[in-house]
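Biologist: I have a model in front of me and some questions about it. Can we go through them one by one?

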Amino acid sequence: MAQIASLTLYHNDEARPIIDAIIADNPGIRVMNIPGAVKLDCDGSLTVNRSSVEARLGRSWEPQELQLVLISMAGNLDEDDDHFTLSWRH
Amino acid sequence: MTAKKLGLKQRYAHMTRGLDWETTYQPMDKVFPYDTFEGIKIRDWSQWEDPFRLTMDAYWKFQAEKERKLYAVLDAFAQNNGQTNLSDGRYVNVVKLFLTGISPEEYQAHRGFAFAGRHLRGVGPRVAAQMQSLDELRHVQTQIHTISHYNKYFDGIGEFPHMHDRVWYLSVPKSFFDDARTAGPFEYMIAIGFAFEYLLTNLLFVPFMSGAAYNGDMSTVTFGFSAQSDESRHMTLGIEVIKFLLEQHPDNLPIVQKWVDKWFWRGHRMLGLVAMMMDYMLPKKVMSWKEAWDIYFTEAGGSLFQDLARYGLKVPKYADVATAEAEHISHQNWAVFYQYTHAAAFHTWMPDKEHLDWLSEKYPNTFDKYYRPRWEMWAQMEKDGKRFYNMALPQLCNTCQIPMAYTEPGDPTTIAFRESRFNGDTYHFCSDGCKDIFDGEPEKFAQSWLPVHQIFQGACGGPTVPDVLNWYRLNNGADNLDYVGSPDEKLWNQWMAGAVKAAG
Ligand SMILES: [Fe+2]
Ligand SMILES: [Fe+2]
Ligand SMILES: [Zn+2]
């Protein structure tokens, strides 16, 4: 069974550019909509890139701000100034 | 030359450097007296990683922002009389069960993480446990603030802390946290940080809060998701603690495995209350309990345990039994509350035809065969003026404290009974999982405060149902019994009639 890296985010205006960036940057991503939230699943790993979010947001953005719209996640986290990555790789 | 800004990882290293030190006035073992007796061996606390690398200054900044957003929504909800826009008056019973059964556990979690943060001697887990302790205090406070608005209109809410300490079914979550908080700090971290936060809280908050959104409860979904935004940090702490313990020493594996088995089973039993909320109490449904279990335990838990297998850690014992029970548990719990509606601080009802059809569709293997006929019979009895109440006090499982209503694995028509002998007494259990937990710590579980035993011993206000309800501070005739005929229903119907008049 493939190990699934996953992020669940608010489905609101603030999260939308982040959701769009994730969908653009993670080919093969699966999107599940539930009322109020969206669950994004990827086999193996899933990355949020600072530059992609900033391009859509039109302002500077730090990966730590993800915490404001984050509902849940699965995978081992690696976070730095330019990315927020969940993966089952070692 | 411009000063170069430090990166996140360096910043975190600088901000937390030196927060721990070797004590000199007192030996370290006296300052940290609780982190050795459980048998866990730690070679090097500095190996602890916090992947969020959240420093206290950033923590305050983000949490303040979350609070501002949440309270703006709560204000708007109250100003606009949001309670009149719910899907149905029945919905509020979900909120009542949440406030009486879950919010007090947020407070227990606050206390528990404060203890862990004080008594673990590594700086990494201490900082993370301290933040989580503050988060959990925020959760209970925001939940009380949110639900106080419902308390202006609906019954069963006002005495929630008192009820939490006394009412029979609330002893299920209460005893869960009492057990965790009276354990050592490492067991607490595995119990709440790993088993509860990582494995099981998604099942509680995600589908349930999404259900609140779907049923028009903007205020609950907002506190729910606001709390849940802290949860990702809590889940990360849970997964870090287990990896850390398993990496530190091979002797830790059997101890950790035993805790994982125990707390998975205890958590599974407690979440049966959530299963019932999702399948029976939400007027508009998001997903069935079985579907939520498949996504959040089978799929997410599967990925996790595949990862932890490299340390030799196995999938929790009886995970297969729990997965099989996902097709039964919500129905069996609702049957209990329907029969004992006179002693519960929320309302019950039999599902209508549309709801029954939804359950048949979501539970094709079990609902039509085992549960639908019983619901139809009880609905008929109601029509005939013979609404069924069970007036006998149930036998309780000595571990999970739930009435013994669950069935044998593989045989849904036979109630499961297990027992153990200890110091000349017999103790009863609902399942092999609960019996194993007792057998592992009989000295602890022989002390369980079992609500039915306490009633029989005369410790709960008197021998009759009204005596006990009075002792619970449960307002007989308003807080309890069926939704149909309740003051809640009357108020809701008035609002709806008024809305029709206003629209017409
Ligand atoms: Fe919490
Ligand atoms: Fe939490
Ligand atoms: Zn039990």
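Biologist: Is Lys174(B) buried, partly exposed or exposed?
Modeller: This is a predicted model; local features need pLDDT of at least 70, side-chain atom pairs count only at pLDDT 80 or more, and totals for chains, interfaces and linings use all residues. Residues are numbered from 1 along each chain as its sequence is written, chains are lettered from A and ligands numbered from 1 in the order in which they are written, and side-chain values use heavy atoms, with hydrogens and water left out. Buried means under 20% relative accessible area, exposed over 50%, and partly exposed in between (1.4 Å probe, protein chains only). Lys174(B) has a relative accessible area of 22%, so the class is partly exposed.

Biologist: Which residue meets the side chain of Lys174(B) in a salt bridge?
Modeller: A salt bridge here is a side-chain nitrogen of Lys or Arg within 4 Å of a carboxyl oxygen of Asp or Glu. The partner lies four residues from Lys174(B), about one turn of helix H8 (residues 171–181) of chain B. Helices (H or I, at least four residues) and strands (E, at least two) are DSSP runs, numbered from the N terminus. With an N to O distance of 3.5 Å, the partner of Lys174(B) is Asp178(B).

Biologist: How many residues apart are Asp436(B) and Lys317(B)?
Modeller: Their side chains meet in a salt bridge at 2.9 Å, N to O. Asp436(B) sits in helix H18 of chain B, and Lys317(B) in the loop between helix H13 (289–308) and helix H14 (319–325), so the pair links distant parts of the chain, and the separation is 119 residues.

Biologist: Are Asp482(B) and Arg387(B) buried or exposed?
Modeller: Asp482(B) forms a salt bridge with Arg387(B), the closest N and O atoms being 2.8 Å apart. Along the chain they are 95 residues apart. Asp482(B) is at 13% relative accessibility. Arg387(B) also has 13%, so both count as buried.

Biologist: How many salt bridges does the structure hold over all chains?
Modeller: Some share partners: Lys66(B), Glu67(B), Asp135(B), Arg138(B), Asp230(B) and Arg233(B) are joined into one network. Across the interface of chain A and chain B the rule finds three. Over all chains, the count is 41.

Biologist: Which residue bridges the iron ion (ligand 2) and the iron ion (ligand 1)?
Modeller: Donors are N, O and S atoms within 2.8 Å of the metal (3.2 Å for Na, K and Ca); water is not among the atoms, so sites may look incomplete. The protein donors of ligand 2 come from Glu136(B), Glu197(B), Glu231(B) and His234(B), lying 2.0 to 2.7 Å from the ion. Their spacing along the chain is E-x60-E-x33-E-x2-H. The two iron ions lie 3.3 Å apart, and the bridging residue is Glu136(B).

Biologist: Where are Glu136(B) and Glu197(B) in the chain?
Modeller: Both residues are buried. They are 61 residues apart and link distant parts of the chain: Glu136(B) is in helix H6 (residues 123–151), and Glu197(B) is in helix H9 (residues 185–214).

Biologist: How much area do chain A and chain B bury between them?
Modeller: Buried area is the accessible area (1.4 Å probe) that two parts lose on being put together, summed over both. Contact means heavy atoms within 4.5 Å, and 32 residues of chain A are in contact with 42 residues of chain B. Of the buried area, 55% is on carbon and sulfur atoms, and the total is about 3200 Å².

Biologist: Which residues of chain A lose the most area to chain B?
Modeller: Three residues together account for 19% of what the side of chain A buries. They are Pro35(A), Gln64(A) and Gln67(A).

Biologist: Which residue of chain A forms a salt bridge with Lys9(B)?
Modeller: The closest N and O atoms of this pair are 3.7 Å apart. The partner of Lys9(B) is Asp80(A).

Biologist: How many residues of H12(B) are buried?
Modeller: Helix H12 of chain B spans residues 272–281 and is mostly covered. Among the buried residues are Met276(B), Met277(B) and Met278(B). The count for the helix is 10 of its 10 residues.

Biologist: What is the relative accessible area of Cys430(B)?
Modeller: Cys430(B) is found in the loop between strand S4 (425–429) and helix H18 (432–440) of chain B. Cys430(B) touches residues including Cys397(B), Cys400(B) and Arg269(B), not counting residues up to four places away in sequence. Cys430(B) is buried, because its relative accessible area is 2%.
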